[in-house]
Each structure stands twice: as C-alpha cells, then as structure tokens.
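Me: I've got a model open and I'd like to go through some of its labels with you. Can you tell me what stands behind each one?

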Amino acid sequence: MISLLARLRAVTGVAFSIVLAASLLGSPLALAQQVDLSQQMQLFNSLPPDQQQSIMQRLGQGGLGGSSGLGSLGGGLGSSSGGTGYNGSQSALLQQQFLQQQRRQQEEQDSEDKFGTPLFKPGDTLLVDIALPGDPGFNGQPINTQINTPVYGQNAFAGSTPPSANGSNTSRSTPESQALQQQLTQQQLAANNQRLQEQPLRPLEELQADEKARLTELVELIRAHNPYVLDSAGELVLPGVPSMALSGLTEDLATVRAAAQPAFSKLHIRLTRLPLRRTGTEGLKHFGYDLFENSGFGYQPTVNLPVPADYAMGPGDTLLVQLFGAQNQTLRLSVSRDGQVNFPQIGPIDVQGRRFSEVKSDIESRVGKQLIGVRADVAVGETRAINVFVLGEAKYPGSYTITGLSTVTTALFAAGGIKPTGSLRNIQLKRQGAVVRNLDLYDLLMRGDSANDAKLLPGDVIFIPPIGPTASVDGEVRRPAIYELKGGLSVGDLIWMADGLTPLADRASAALLRVDAQQKRVVLNINPSSAIGEGAALINGDALHVLRLRPQLDLGVKVEGYVYRSKYLAWREGLRLSDAISSVDELKPHADQNYLLIRRELPPDRRVTVLSADLAAALRAPGSAADIPLMPRDTIEAFDLETSRESIIQPLMDELRVQSNLTRPVQIVHIDGRVKVPGDYPLETDMRVSDLVRAGGSLDSAAYGTHAELSRYVVDNGEQRRTEVLQIDLAAIRAGDSTADVALKPFDRLSIKQVSGWTEQDQVTLRGEVRFPGTYTIKRGETLHSVVERAGGLTDLAFPAGSVFTRVELREREQEQLNRFAERMRQDIAEEALEASRGNNAGSTQAISIGQSLLDQIKAAKAVGRLVINLQSSLHAKPGSYEDVILRNGDELIVPKTRQEVMVIGEVQSASSHLFKRGMSRDDYIDQSGGVTRQADRKQIYVVRADGSVESGHRGWFTSSEGIDIRPGDAIVVPLDTERLPGLVLWTAITTILYNIAIATAEARVI
C-alpha cells in the first residue's frame, strides 16, 4: 500500500510539474488545461519535499531551504495554505506566480491576436489608401480568405463595437473557440470577396459624370487628410463618412469593415497601420509610471536581508535559536496564533507585537539564567505572510499575501503598479481606518528617499487616489515628461523635476501654454533665469516649452577649408584676418595664399555678402588695408590650387541667387581660359579684373599676358539685353596701372587667351632599323624626312618597304569603327538566331556559330592606327612636298629588318609563312599552305604588301589574279565566303579588318 501511494505521488508530481511549467511558459497546454489555482496549490502541497524542490528548480526559484525558494519571493493571492513543512507565504508566492502568468497572457491578447498580428487600439496611426476603380496608383492588395485572425462576434463587420482593450472576450479562449473564430473569419472574408465578384466595381467610364465627380471629390478629400489617428474610443473618423469602430481589429479585418461602408461601395479602400512613435509634446509620458512596467511579470522582492531590529514579531514568524555551551543544538520555534513561542525547558514566551531586538534580548537572557552553562543566539528564520489590500487606482486592485518584511512599494509591485490615472505623490497607508503614512514616489525616484516607504502590518490598506494636477515640460530639458503637481509648485520646481536644462537651452526664453479662466488657450513668455520667471506659479494643465538656442555663431569667427585645423575664434573689437590665420603654416601644402573667401552676414537683415582676401599681403603688412577687419559670424574659407572650388563656392552662389531681385541682380562673375581655377565667383564690392584673376588662381604658363576679353551684358532701357566686349590690357594691370583695371559688374565674363601656337611639346618615336632609335621632340610642321635624318638615317639591314607608321588619331578612329562593327554584328546575330528559331535552318545555326566566333575576335582586337606610306619615297622627296609626311604628336615609325618571307593567312588549311622564291605565284604559296578550305572565297583573295597597301584579288573577265607579282614581306589573305552564310552582310568587311590588324600587329612585333 505504501509503495502504491509513493508511485501515485511520483506520477502526480511529474504531471503537476508539466502543467506548472507549461503554464509559466505560456504553452497551448496551459491554455487548454485551465487548471483551477486552488487545485494546483493543493496538489503542490500534497507532494513530498524533494518533488516540491525539483519543481521550484524548474521554475528558476532555487531551493526551499532557509529563506530561499518559495520563501524568497513576496506577494501573491489568497490566504495562507497549510503544507508539509512550508509556511503560508510560500504557498501564496506560488499562487502569485500563476497570477502573474495569467496577467501576461491577458495583456498579450489585448495587443495582438493569437497569431502575433497587431490589433488596432485608440491612438494608433493608420494610412487610408482609397482610389476609384481602375486607378493604377492604388496600392491595396486583395484580402486573403485564409487569414488567421479572430472574430469577435457575429456582427464584427456590421458596425458593432469590437472588444475593448481589456480583451474580456478573448481571455478564456479555448482551442475549440479559437478554431470557431478562425472559421467565422474565413467565412466572412470569403463572403465579402464573393460579394465583390458578384457585384464588381463598375468601371470608371461607366459611372455618371456627377457620380464620378462626387467620388473623385471624396477620394481626394480623404487622401488629403492622411494619415489618420484613432480617437480615444478606437474609432476612425473620415471626412464625409460616419465614424467606424476599429479597436481590436487587424489590418485586414479593418479593411473589410471599411469596405462595408455604403459610401465606399464603389471604391477601392485599404487600411494600413503605421507603427509610428509619437515625439514632441504628443509623445510625452507621465513621469514615474514606467517603474511598474514589468511589475506583473515575475517581480521578486528581495527578502534575503537581515531582519531589522524594529521588526514586529507575529504569528507565522519562525525563530532560529542556536544553543551552545553545555548543550549544542538548534531550535526552530514558530510563533503560534496566540503570539507565543514554546521554548523547551523554559516554557511559553510571549512575542506578539514585540520588536525583534526585544525578543532576542529576552530569550538570550532567559537561556542564560534558566539553563546553567548554556548560551543562545537568536535569529529570524522564515517571516510570516501578511494580507494587505491594494485599492484605488492600482493596476490590479485586490487582496495580496506578502511577506512580513514587505513595504508599501512591495505591495504596489505585487499589484502590478499604478494606472496612469492614479497618483504617485499621495499614496496612503491606512491602518484601522486612519491614514498613518503618505508615500510620495517622486521622493523615491528623484531623491532616493525611502523614509515613507513604511513596513506593512496585517490588514493594512494601501489606497491610491486619482492623479492630481499635472503640468508638462518639453524642449531643452533633460527629462521631458508630464509631472504631477503637489502643493504650490513653480516653473523652477517643474524644471528641477525635469532634471534641469540642457546646455543648448535658451535660459532666458520659454513658452508657457495655459488654459485661462475664460477657457482660452494663451501663451505666457517666461524667463526661467529670472527670479520672477522661476517663481511663476503653475496650474493644472500647464505646458512649458523650453526653447533651444539659435544655431548661429553670435560672437565668433570660423576658419575652415584647406587648413590643417578648422577652428572657432572668439570675436573681439579689432580682430583681423592675420589674427585668425597667423601664419601660412596653418594652411595645407599648395594652398592658395592669395585668395581667401569671407562669408559675411550684414545687419540688420542678415543679407549675405562675400569678400576676398589676400592672406600673403595681410601677413606681410598686419593692420594694413589688406588685413581685413573681421565681423561676428564671419566664415573664412581657404582653397587649394589644384582642385575645383565649386563645392565651396556653389552654396554661396545659391545664397546670392536667393536674395537677388530686379534692382539687385545676382552678384556673380565668371573667368575662363588660361587660369588655374576657372569658374564662377561671387562679385565683391568694388571688385576689379585683377581681383577676378586672383580668384581664378592667377594666370597659368600658357596664358597670353598682354590682352584679355571681358564680355558684359547691357540692358537698354529695361527692354533688351545686348552684349559688349571690352578689351582688357593685362600687361598694364600687371604693371600697376589702376585705370586699366576695369571695375566688374554682375554677369561679367573674363576670357584669358592662350599664347599663339602654345602646345605641349610634341614627340615622335622611331624604332627598329634606324641608327639612333628613340623618342624625338619635334617642332611644329616638322616632317618624317627631317626626323629620320636627325636619327642618322636607316641602317644597312633596314627594310623600308615593310615599315609600319602609326598615328594616335587613326588608332582612335579605327577603335570606334571596331566598336560600331561589333554592335552591328551582335544585332545581326540576334536577328539570325530569331530566324533560325522560327525555321529550324541548319545553315543559320552554322552562321550564328561562326558569327559569334568573329564577334569575340573583334571585341578582343585592338586598333593599330596604321598609315600606309612609302618610306623610301618620303626619304627622297623634297622637303615640304606631299610625299614628305608631316608629323604629329604621338606618331611612331617602325622600320623592320630585311624580310624574306611571304605570309599566307585566312581560310587555308595551315596559315604559315614561306621563304620567298622568285617566280612563284600567289596560288603557289597557297598550295604550300595546304590549299584553301571549303569556306574560302576564291574570288576575293587579295595581297597585302609589306607597306600596308592592298592588291585586289578579284578575277575579271580579261584579268587573272594569278599574275599578281609577289614580293618579300607580302601577306596573302584568303577571306571567308560570306555569300554561303545568309543574313550577315557585314562579315566581309569585318574579316578584312581583322586580317589587316593581324598583319600590322605581327609586323610590329618583329621589331
């Protein structure tokens, strides 16, 4: 019998541990079981201590010995339950764990459905996407009939109000009810979609003109007010449409609810929830309430602390008495219901209501007197559980069982905290009908003062009254929030509660928004730094906004740009440019020392003007006119001489354009030509040509320093604009003639000419069989004959007939032609592939394969830029004659050694080179290469001479290509027969180009 009972206990313990763990983990098993809390407690108390210990370890609560385990937690529901070796506080604590889990599940159901989809609630922001039938701009998607969303009754879409945020309709849902809700949801969504299919929206063109106009006006009106915010009742209020209750619905259900409105029966509509976080005044929260945000989710008050000396003993407390001396033992004495402990050999001792320090001293004294040779040490073991009431504006008001060491805040945490409608500053502790202590949580939160956080006694009542007057503060304070007022608080007190002002706050300017006695919203200007402003009294509903300092630099100067360190300087009377930049060492290398820009704001209208400065002149003569006096808010920009200044100057140009008008045109001038940094520059007061040249980085080495042209716009009588061109004497300006230094006007353009004939030094390259190969600098108009003579002429092994002359311009043009041919061939191949796919032509397939191979070759080919010349004729021609080639920059002459071979390439069996033999014809060399292939075009065989000229291989009626004279260095080309490949007419030209490139490249590589 005992064995059977032990087995039953083991099975029951395992089952309970599974149910308990599932409950705390929020699994569907816990939802399905819904085991009664009292039954669970009875089952737990019936288990042996080792199984209770195992369950508590699974719950993460540690052991049960001493003051840990269940006894280490405070709070709970219900009265003390007897158990096997455990006091009532431990049982109540386990009950509180269950209660907290149920609270967690309830709050999760209030914010989301069982599938995690957010539900609409009051204050949510949503976007209404609405459109006429056929509108391409409509972003809504069809409603999915398989949406797994709960339905809250039969009339969810018929205008009835869905469940409120407390979620009372869903807190006890079972798997069966959830399945039914899902089925109802799918049925209503399917019915809605079926209605749309049976009665589809009429096309836009079928609507009457007046109806179309009315719907268009409604759509535009609703779109214009996007986004919308649900009101405090969770209703959506759209212009021209009755309000709709959406609280508790998902996006899809809310869309179906909106589509059921008669006003939208001919429109598309979609509701989308926007997870916006409120900011500014609307985003302010009540101070202090977030302290309790997680209070209901496993709050565990700390009780493993020494029992204070003033702790009042009562029934349920346990004393641990250690005897030593003549006797060595430890006694565990529990306070009985009548307030006594039964001490062996001494008798009952009354401890009810006495302080622990008195009880400790009394017991130790009695042991010393009545037990000879024995001494005692007394400590408190488990403390008793007490029942208190938390009422008023608590989140979960009711009766709570907590530990005897608990305080007012302990009970508040056990009750889930305080609702936003409750007061944090007037929490009342009532004992036997009288208020014995008032707790102000602001003292605890702001000062860390817990003096009024009193210890609780059985039967105490913690009452939370409604919140009192409030005032908000935002802007430049460290802790913007809504604060509860207590007593006659002032603006200074409110700022102190907000943890003071930020460093960027305007301490002399704040705005106090108030509803006055006439129910009008008024604004009071407050100076928080003054005694009057700081002492201004607050009333309920006041809103204080502390302004931010202006971002402008008031009494300072900024240096930035091409400097090592950007910096701010304090402005003072008499501050000059040389004080801001005291040395050129502050500039980076290659900085423009002669041109700095100063952006200046002129009072009283802050009109922007720009000045330039010559830093080199200012440093040479500090205090002179060149050392410009600075003003507050000046910004000094330094430039370099290598890069464009557009990124810095363009924003200044934009500011000047914004403030321009008819009487004051844009203050802008331009310089181009041979200056280091051409571009647009701001027009300064009394700016002249020399200043604009200095702004452009001065003249470069190719500039024509004698004259320049100034183009100026002139408007005749405000009706017509014409252009004047003025000749500027740069030489006179450079010589210091102020009369030649013309004053500039808006839109002037100065063009600096280039010295006639100025170019970079042209060079040509001679390679191969010349006596002194290398790179030679040439003068303008110099010829090939002249340069070859400068190189010592040709060597004895030179082969002038095979020379290769290349030019940069020809190479660029040939490369462009290759690219165009490649693109055209790609298109031809694509067209041929399309035709082949339609007709399944085997010949087309072969053509595409060959064409793709040629396309790859032409993409890989690099143009040579060869110019066919007769070097021998050029060297013997008269200087300046048409046969003497005029050289250009980048030309290259390659003179090979004497050639003795003949090359055969193209559609032959084996492309190769053969030793030249006098008397052999073209076909003889082709035969030595194995003859032509089946794809060869015999009629188009041609010969490329060593100098690059071509002898046509075309056979006429009365001529034969076999009679072409073959010479050393020639190349015989057997082209592809493109007539056998339909559709690709461009191939002949492409193959010719490829062969010519190959020949020229091969000859150049011989050197």
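Me: What makes Arg 599 and Glu 601 a salt bridge?

Reply: This is a predicted model, so only confidently predicted side chains get into such pairs. The side chains of Arg 599 and Glu 601 come to 3.1 Å, N to O. The cut-off is 4 Å from a side-chain nitrogen of Lys or Arg to a carboxyl oxygen of Asp or Glu, so the label fits. Both Arg 599 and Glu 601 are buried, by the way.

Me: How many salt bridges does that rule give?

Reply: The count comes to 44. One of them is Asp 317 with Arg 384, at 2.5 Å, N to O. Again that is within 4 Å, so the pair passes.

Me: Why say that Asp 317 and Arg 384 tie parts together?

Reply: Look at where they sit. Asp 317 is in the loop between strand 5 (268-274) and strand 6 (318-325), while Arg 384 is in the loop between strand 10 (374-380) and strand 11 (385-392), so the pair links parts that are 67 residues apart in sequence. Asp 317 and Arg 384 are both buried.

Me: What about Glu 724 and Arg 722: buried, exposed or partly exposed?

Reply: Partly exposed, in both cases. Buried needs under 20% relative accessible area and exposed needs over 50%. Glu 724 has 26%, so it falls in between. Arg 722 has 36%, so it lands there too. Their side chains meet in a salt bridge at 3.0 Å, N to O.

Me: Which residues are joined into one salt-bridge network?

Reply: Arg 550, Asp 554, Arg 599, Glu 601, Arg 606, Arg 633 and Glu 655 are joined through salt bridges that share partners.

Me: On to the rings. Why is the pair Tyr 442 and Tyr 483 called edge-to-face?

Reply: The rule counts seven aromatic pairs. For Tyr 442 and Tyr 483, the ring centres are 6.4 Å apart, and the limit for a pair is within 6.5 Å, so they qualify. Their planes stand at 90 degrees, and over 60 counts as edge-to-face, so that's the name. Tyr 442 belongs to helix 11 (residues 441-447) and Tyr 483 to strand 17, so the pair connects parts 41 residues apart in sequence. Both Tyr 442 and Tyr 483 are buried, and together with Phe 287 they form one aromatic cluster.

Me: How do you know that Lys 430 lies over the face of Phe 463?

Reply: Lys 430 is 5.0 Å from the ring centre of Phe 463. The distance limit is within 6 Å, so that part of the test is met. The other part is an angle within 35 degrees of the ring normal, and Lys 430 is listed as lying over the face.

Me: What makes strand 17 (481-484) an edge strand?

Reply: In the open sheet of five strands, the order is 17-16-20-18-19, with mixed pairing. Strand 17 and strand 19 (521-526) each pair on one side only, and both are edge strands.

Me: Where does the mixed pairing show up around strand 16?

Reply: Strand 16 (residues 470-475) runs parallel to strand 20 (residues 542-548), with five bridges between them, but it pairs with strand 17 in the antiparallel sense over four bridges. Among the partners, Gly 475 goes with Val 546 in strand 20, and Val 473 with Ala 481 in strand 17. A hairpin of five residues connects strand 16 to strand 17.

Me: And why is strand 16 called mostly covered?

Reply: Five of the six residues in strand 16 are buried.

Terms used
Residues numbered from 1 in each chain as written. Predicted model: local features only at pLDDT ≥ 70, side-chain atom pairs only at ≥ 80, totals over all residues. Heavy atoms only, no water. Pairing = 2+ DSSP bridges. Helix = DSSP H or I, 4+ residues; strand = E, 2+ residues; numbered from the N terminus. Buried < 20%, exposed > 50% of the residue type's maximum accessible area, 1.4 Å probe, protein only. Phe/Tyr/Trp six-rings, centres within 6.5 Å; stacked < 30°, edge-to-face > 60°.
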